Amino acid sequence: MGWKSLDEMELDGKRVLTRVDLNVPVEDGRVTDTTRIDRIVPTVHDILARGGTPVLLAHFGRPKGKRVEAMSLEQVRPALERALGRDVRFGTDCIGADAAAAIVAGEVTLLENTRFHPGEEANDPAFADALAELGDVYCNDAFSAAHRAHGSTEGLARRLPSCAGRLMAEELSALEAALGTPTRPLMAVVGGAKVSTKIDLLSNLVRKVNHLVIGGGMANTFLAAKGIDVGRSLAEHEMTDTARDILQRADEAGCEILLPSDVVVAREFRAGADAATVPADQCPADAMILDTGPDSVARILRAMDGCRTLIWNGPLGAFEIEPFDAATNAAAAHAARLTRAGKLVSVAGGGDTVAALNRAGAADDFTYISSAGGAFLEWMEGKTLPGVAALDA
């Protein structure tokens with residue numbers, strides 16, 4: 001990769017425009033989950049330690065190019081101050097005189113929501129120029145926004161000496177190790193509800209991985225594609241031709257696809273519902289497949305034992321409620337054990353994935369958990385991310 005790290009930049013006395021992800025959950029004016037804030041702290045501290053002035057740029061919500069007070073970043077400032085352990089100045093705009101006046105050398109400044117300007121999402125050159133006037137160096141620490149060609153992610157990177165922040169560099173290095181130049185054998189676990197949302201992902205992975213585990217509602221579509229009656233299960237029957245095409249491409253590429261051979265079924269989708277484990281081809285007509293069965297899980301774990309790298313996106317079943325979280329929990333725990341033992345490099349990402357791994361108590365033992373959603377998926381799909389490409393320029 002051609003991007004530079006913070007260590008390669010001269011920061012002393014420089015205003016460092018730092019793109020971060022502060023699009024955090026807020027209720028009644030208070031941040032309820034500070035994960036994204038916590039992860040930018042090392043970058044901000046490093047800039048300060050090297051004599052730079054961090055000027056934070058971020059979006060919040062979807063104000064559609066207009067000022068919406070409920071989406072002001074000022075409500076995020078208290079949580080940011082607690083995380084950084086210092087005061088944070090606030091600029092009531094992200095461009096122009098008000099923004100410039102808020103910036104003081106040696107102090108941290110948070111500028112207002114970039115999406116209050118239509119030029120942000122349009123990647124308007126004039127808007128990017130106005131942002132660039134506020135700084136001397138550009139640092140992108142928001143991998144989660146790198147799949148958007150916006151003014152503060154792509155346009156600005158082409159106007160100033162640019163680098164990746166600590167979190168961005170960590171993400172890029174982890175993903176390169178997992179999918180770019182992985183130690184093989186390589187396994188991917190892909191779950192979720194719909195094949196239609198992950199066609200590009202599956203098509204890319206069958207060309208790159210040795211083992212592909214398919215779970216969740218997607219697995220039902222693949223079972224249906226093989227002529228199996230899945231009863232009332234969530235399945236995209238209109239996608240069965242696509243599923244068959246992916247199976248064929250996997251076979252041609254020498255990629256083993258692991259589909260459930262046994263499944264957990266129930267007639268109600270609720271916690272504690274009466275459930276039974278049956279062969280995958282014996283789902284009752286009035287029942288739903290809600291989890292991968294224990295024999296299938298054992299097969300996944302055996303395959304995982306022989307792998308050296310794992311990429312995970314999506315749960316193996318309806319992990320939100322018991323007893324349909326068993327397969328996800330068992331596979332996650334096994335991956336965590338192998339990682340702790342130094343036998344596996346494990347990288348995971350995506351909202352449901354992170355929630356499932358946290359619920360399983362396995363997230364802390366994975367090699368890397370990506371905080372990105374869409375950007376993580378597009379990277380796995382083999383797509384070029386504009387925010388990353390601009391750093392390479």
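Contact means heavy atoms within 4.5 Å. The exercises below concern a predicted model.

**Exercise 1. Covering of helix α10**

Task: State how many residues of α10 are buried, and list what covers them.

Solution.
1. Helix α10 spans residues 216–225.
2. A residue is buried when its relative accessible area is under 20%.
3. Under this cut-off, ten of the ten residues of α10 are buried, and the helix is mostly covered.
4. Among the buried residues are Gly 216 and Gly 217 at the start of the list, Met 218, Phe 222 and Leu 223, and also Asn 220 and Thr 221.
5. The elements that cover the buried residues of α10 include the strands β9 (186–190), β10 (211–214) and β14 (288–292), together with the helices α9 (199–205) and α11 (240–253).
6. Just after α10, Gly 227 has a positive phi of about 85 degrees.

**Exercise 2. The salt bridges of Arg 166**

Task: Find which parts of the chain are linked by the salt bridge between Asp 7 and Arg 166, then do the same for Asp 46 and Arg 166.

Solution.
1. The cut-off for a salt bridge is a side-chain nitrogen of Lys or Arg within 4 Å of a carboxyl oxygen of Asp or Glu.
2. For Asp 7 and Arg 166 the N to O distance is 2.7 Å, so the pair satisfies the cut-off.
3. Asp 7 lies in the segment before β1 (15–19) and Arg 166 in helix α8 (residues 166–180); the two are 159 residues apart, and the pair links distant parts of the chain.
4. For Asp 46 and Arg 166 the N to O distance is 2.5 Å.
5. This pair also links distant parts of the chain, with Asp 46 in helix α2 (residues 41–49), Arg 166 in helix α8, and their positions 120 residues apart.
6. Asp 7 counts as exposed because its relative accessibility is 53%.
7. Arg 166 is partly exposed because its relative accessible area is 25%, and Asp 46 is partly exposed with a value of 25%.

**Exercise 3. Another pair, and a network**

Task: Classify Glu 154 as buried or exposed, and state which residues are joined into one network by salt bridges that share partners.

Solution.
1. Arg 158 and Glu 154 form a salt bridge, with their closest N and O atoms 2.5 Å apart.
2. Arg 158 is partly exposed, at 47% relative accessible area.
3. Glu 154 has 14% relative accessibility and therefore counts as buried.
4. Salt bridges with shared partners join Asp 7, Asp 46 and Arg 166 into one network.
5. The salt bridge count comes to 19.

Conventions: Residues numbered from 1 in each chain as written. Predicted model: local features only at pLDDT ≥ 70, side-chain atom pairs only at ≥ 80, totals over all residues. Heavy atoms only, no water. Helix = DSSP H or I, 4+ residues; strand = E, 2+ residues; numbered from the N terminus. Buried < 20%, exposed > 50% of the residue type's maximum accessible area, 1.4 Å probe, protein only.
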